Amino acid sequence: MTGSAQTSPATSMISFARGAPSTDIVDVEGLKQAAVAAFDADPAGMTGYGTAVGYVPLRKWIAEKHGVPVEHVLVTNGSMQADAFLFDELATEGSAVITERPTYDRTLLGLRSRGADVRLVTLEEDGIAVDEVAELLEGGLRPTLAHVIPNFQNPAGYTLSLAKRQRLLELAREHDFVVFEDDPYVDIRFSGETLPRMLELDGGAASEHVVYASSFSKTVCPGIRVGYLVGPPAIIERIRVRATNTYIAPNMVAQGTVYAYLQGDRFPAALDRVESALAERVGLLDDALREHLPQATFRRPEGGYFLWVSLPEGEGHDVARITTEAAARGVAIVPGTDFLLEGGENSFRLAYSAVQPGDVDEGVRRLAAAIEAARG
C-alpha cells in the first residue's frame with residue numbers, strides 16, 4: 001500500500017498518543033458537586049495560601065490510606081512535580097540513577113536535564129530485570145535512586161512481579177539506595193491480581209528505602225493536577241523546604257475538591273466506570289492488533305492506559321517514518337524512540353484510554369496501512 005491510499009484532510013484524527021481518559025468517562029457532574037462542597041465546608045482553606053505540604057485534610061487521608069504518619073506525606077501539583085522534587089534531591093549532577101528500558105519519556109528528560117548518570121535496565125514482561133540490576137551493583141555502581149513504574153508501566157503496560165519487588169528491595173537495603181516507586185496507574189486494574197506496594201513490603205511507616213508517588217490524575221481526572229509523595233520524614237522535610245521556596249503552597253482549590261470528592265459517594269462508581277471503559281478498549285485493541293498487525297508482538301496489560309508494540313527486527317522498520325505515515329492517515333502514535341536513549345526504531349506506544357470504542361479497529365487499520373507504506 002502506498003501514499004496514494006492516504007486519508008483526506010477531512011478525516012478525523014484517531015489518537016493513540018496521549019494517556020488521558022476521554023471526557024465521557026470523567027465524572028464531571030460529581031466534580032462540580034465536590035467543588036461546591038469543598039467551598040461550603042472550608043471556605044478559608046479553599047481561598048487561603050495553605051501550606052507547602054498540601055491541603056491538610058487530604059494529606060491526612062493519604063497518610064491513612066498508606067498506613068503512615070502525616071509527616072511521611074507531601075501533596076503536590078501532580079505526580080510529575082513530585083518526581084521533579086525527588087529528582088532535585090537525589091538525581092543530582094553525576095549521581096547514578098537506575099531506570100527501566102523503556103521508560104516514561106519525561107522521566108528520562110527530567111533525569112538527563114539534572115545531569116544524572118542514567119543507567120537503563122532491561123524491562124521484561126514481569127518488570128525490570130533485577131538480575132541485571134544486581135550485576136551493575138556487583139560491578140561497583142552505587143546509585144542514589146532506582147526509578148520504577150511497578151503497575152501497568154508507561155510505556156509498556158507491564159507489571160512488576162511480587163518476586164521482583166522483593167528482590168529489588170533486598171538490593172536497595174544491601175547497597176543503600178532509594179527505590180522510587182512511581183505508581184500513578186495502580187488503581188486502574190481491570191484483570192489479574194493486586195500486588196502489594198513496595199512501600200508496604202518495606203514496612204510502610206518504617207520504610208527507609210522506598211519513596212512512593214501517586215496521582216489522582218488517572219482516577220479523578222487529569223486536569224485536577226493533584227499528586228503526592230510518601231517517604232521517610234527526613235526526605236519529605238527536605239522536599240517541603242524546596243516546595244515552600246518554589247510556590248509557598250500548591251493548589252488548595254484542586255486539593256480540596258479532590259478531598260471532597262473522595263469523601264462523597266460517587267468516587268467508587270466513577271472508578272468502576274473508568275476501569276470498565278478501559279477494559280473494553282484494551283480488549284478491542286488486542287483484537288484489532290491480532291487481526292490487522294499479526295506480525296507485531298505485544299502483551300495485553302492488566303490495567304492502566306498503555307500498550308507497547310514491537311515489529312519484527314531486521315525488516316527495516318523505521319518508527320519515525322511510520323509515525324509520519326500514520327499521521328497522514330489520521331492516526332497518532334508515540335514512537336518507541338521517545339522512551340529510550342537509543343534503539344526503539346521498531347516499536348511504538350499505544351494509549352487506548354482516550355479512543356472511543358468504535359474507533360479502535362479503524363485506528364489500527366490505518367496504522368497497519370501506515371506501517372506498510374513506511375516500508376515501501
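Overall build and main sheet of the chain

In this predicted model, 56% of the 376 residues in the chain are buried. A residue is counted as buried when its relative accessible area is under 20%. The surface that the chain exposes amounts to about 15,400 Å², and 49% of this area comes from carbon and sulfur atoms.

The chain contains 13 helices and 13 strands. Its radius of gyration is 21 Å, close to the 21 Å given by the globule rule for 376 residues, so the chain is as compact as a globular protein of that length. The C-alpha trace spans about 60 × 55 × 35 Å along its principal axes. Of the contacts between residues at least 6 apart in sequence, 75% join residues at least 24 apart. The chain carries 34 positive and 52 negative charges, and the mean positions of these two sets lie 3 Å apart.

Eight of the strands form an open sheet with mixed pairing. Their order is β2-β9-β8-β7-β6-β3-β4-β5. The edges are occupied by β2 (73-76) and β5 (127-128); each has a single partner strand, so one side of each is left without a neighbour in the sheet.

In general, strands of a sheet pair through backbone hydrogen bonds, and the pairing is either parallel or antiparallel. Strands β3 (residues 96-101) and β6 (residues 145-148) run parallel and are joined by three bridges. T99 has H147 in β6 as its bridge partner.

Key:
Residues numbered from 1 in each chain as written. Predicted model: local features only at pLDDT ≥ 70, side-chain atom pairs only at ≥ 80, totals over all residues. Heavy atoms only, no water. Helix = DSSP H or I, 4+ residues; strand = E, 2+ residues; numbered from the N terminus. Rg over C-alpha atoms; globule rule 2.2 N^0.38 Å. Buried < 20%, exposed > 50% of the residue type's maximum accessible area, 1.4 Å probe, protein only. Contact = heavy atoms within 4.5 Å. Areas by Shrake-Rupley, 256 points an atom, 1.4 Å probe, with all protein chains shown as cover. Lys, Arg positive; Asp, Glu negative; His and termini not counted. Charge placed at Lys NZ, Arg CZ, Asp CG, Glu CD. Pairing = 2+ DSSP bridges.
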